[in-house]
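Work through the exercises below with the sequence and the structure at hand. Each task is followed by a solution in steps.

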Amino acid sequence: MSLLLSLHLQRDEFRLDIDTAIPGTGITAICGPSGSGKTSLLRCIAGLDRAPTGMVQFSGTDWQTEAHFLRCEKRGIGLVFQDAQLFPHLSVTANLRYAQKRQFRSAGPSFAEICDWLQIQPLLNRGVNKLSGGERKRVAIARALLRHPQLLLMDEPLAGLHDAARDQMMDVLQTLPQHLNLPIIYVSHSFHEVSRLADHVLLLENGQLIAEGGLVELSSRLDLPLSRQQDAGAVLIASVYSHDQEYQLSTLRLDANHQLSINQIPAAPGRQLRLFVAARDISISLEAPRQSSILNILSCTIDTLDGDTAQHNAMNPQVTVRLSVGDQYLLARITRKSRDRLNLQVGQQVFAQIKTVALVNEYGVAS
Amino acid sequence: MSHHDWLAIFLTLKLAGLTTLILLIIATPLAWWLANTPWRGKPFIEALVALPLVLPPTVLGFYLLIAFAPSSPLAQFWFGITGDNLAFSFSALVIASVLYSLPFVVQPLQSGFQQLPKALLETAASLGATSLDRFTSIVVPLCRSNFLVAITLGFAHTVGEFGVVLMIGGNIPGRTQVLSIALYDRVESLQYSAAHWLAGGLIAFSFIVLCAVYRLNRTPGIAIALSGNASTKARA
């Protein structure tokens, strides 16, 4: 079960060329700067726009071929627009009932369950123009889910929200895949959001697919624009190993030889977690520092130096270094001066001192 | 008031009601098409629809008189299917009124349809609503006040029609003598008291209808719909 896409679209100066297969489970993020074609791609998947030449197939069913185009209302999708698009002449409940009356299939979560997941129970009797931005979006997501779709599409669900509403929304979105057995496609310009939510990533630039793959793999690739962003960093997968009650710390294992400590979390040993380590929070030393307040020191190997892949960075005061830790990677941003002073070379054994480890699933940020 | 006056009132209401009904059926799809078509010839159609707004009614009346003459192809076609003459008939009045009042119904509907946010309709489609379903569940309630204005203007304008009717209707009581013509008749024959009843009645009727429309229009409709959307955009 997956979504096969082959879409080619020319619109004035803009050209979209996408050939890919999106996995049939988990959250796939379509990520890229504004104008890269993310929303155009989403609209073609939804059936709102028709690429003149293209093919869309969802789990064996043709949605678009040369001869055939299945209309949006027949595709059984849930669609959440950037600005919610609640029906202004209907109350919150009536908006939800609108979708329920036109359900794509009867099997699926109940009205009460969906309201509970999205925390919209207290809003049900309100008029839609009495809702805050975050509330509107949660109602819009609930409405899309009440359709009982086979695919959920979301266009920048966090755009335009202030920080508190954004965090609450992220928490809600993170729990969705646990409740729902359906693929979610999510458009975002922010890799920070994507690193918390997505399993699979499509990176778009100027209407072209520049990379796709697992989040962990893409986050550490130095040849992609992600690693050049201000808040670049690597996503790691770790499992809970033990808890230190006295110091209130939890130990996580990346693999048999590499461990990290974070503030204690209420998770059972063996549980898999997703971590984010910002490149600017890592420093490199050639010897294991013995007297340091930093707990997390990992021995690793220099995999790539940024200068190897991007010539333009020669005049940048900072360089990014990719370090391999077991079979995972870290990114470290250090000054070019440090690189030369330590004479860092690919293949060299070094120690990474990690100031902050962010836990990017439901428990929030720990250090 | 005389029997003839009552006949004229009844005939006028029948003509305006029937014309409004036909106009809603014709003008709704036409206005929808005008609001959404990317076709470059659209201004041509818009100008054609708006012509009755700027032409003296007698111009339209003159050409319709010719078109309805028994020897004309239209009249013969009409005779072929109905067995009736078109000239000086009630049917001729209805056809003329539909043409004459068309812009008054098309224009409010078109402007309502144009202001409707496209994304709302796309959202409804994603929720499984077919195009007819979207029209009845989203477009009609959100453009309710536009429909109200269109119906009111279409009806009132037909009631107030004079020039076209004078040219093509003749003045046959119970068949083609409408209120405005009956009033003219009374004034011509110096029956001022009857004229007062007709004229005053028309004023009162129009005023009451307009009051009712404005009253209805205060309840939620497109006004709230549009302000709701504006605030969403401001937040985004």
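Two strands count as paired if DSSP finds at least two bridges between them. The model used here is predicted.

**Exercise 1.** Describe how β4(A) and β5(A) are connected, and find the residue with a positive phi in the turn.

Solution.
- Step 1: Locate the strands. β4 of chain A covers residues 53-58, and β5 of chain A covers residues 61-64.
- Step 2: Check the pairing. Three bridges join these strands in the antiparallel sense, and one pair of bridge partners is A:Val56 with A:Gln64.
- Step 3: Look at the turn. Two residues lie between β4(A) and β5(A), which form a hairpin. A:Ser59 in this turn has a positive phi of about 30°.

**Exercise 2.** Give the strand order of the five-stranded open sheet in chain A, and identify its edge strands.

Solution.
- Step 1: Write the order. In chain A it reads β15-β19-β16-β17-β18, with antiparallel pairing.
- Step 2: Find the strands that pair on one side only. These are β15 (282-285) and β18 (328-335) of chain A, the edge strands.
- Step 3: Add the twist, which averages 45° from one strand to the next.
- Step 4: Examine one edge. β17 of chain A (residues 318-325) runs antiparallel to β18(A), with eight bridges between them. A:Ser324 has A:Tyr329 in β18(A) as its bridge partner.

**Exercise 3.** Decide how compact chain A is for its length.

Solution.
- Step 1: Count the elements: nine helices and 20 strands in chain A.
- Step 2: Compare the radii. The radius of gyration of chain A is 23 Å, close to the 21 Å from the globule rule for 367 residues, so the chain is as compact as a globular protein of that length.
- Step 3: Note the burial. Of the 367 residues in chain A, 43% are buried.

Technical notes
Residues are numbered from 1 along each chain as its sequence is written. Chains are lettered from A and ligands numbered from 1 in the order in which they are written. This is a predicted model: local features need pLDDT of at least 70, side-chain atom pairs count only at pLDDT 80 or more; totals for chains, interfaces and linings use all residues. Helices (H or I, at least four residues) and strands (E, at least two) are DSSP runs, numbered from the N terminus. The radius of gyration is taken over C-alpha atoms; the globule rule is 2.2 Å times the number of residues to the power 0.38. A residue is buried if 20 or more other C-beta atoms lie within 10 Å of its own, exposed if 12 or fewer, and partly exposed in between; C-beta atoms are placed from the backbone. Axes are lines fitted to C-alpha atoms, for helices over the stretch in contact, and angles run from 0 to 180 degrees between N-to-C directions.
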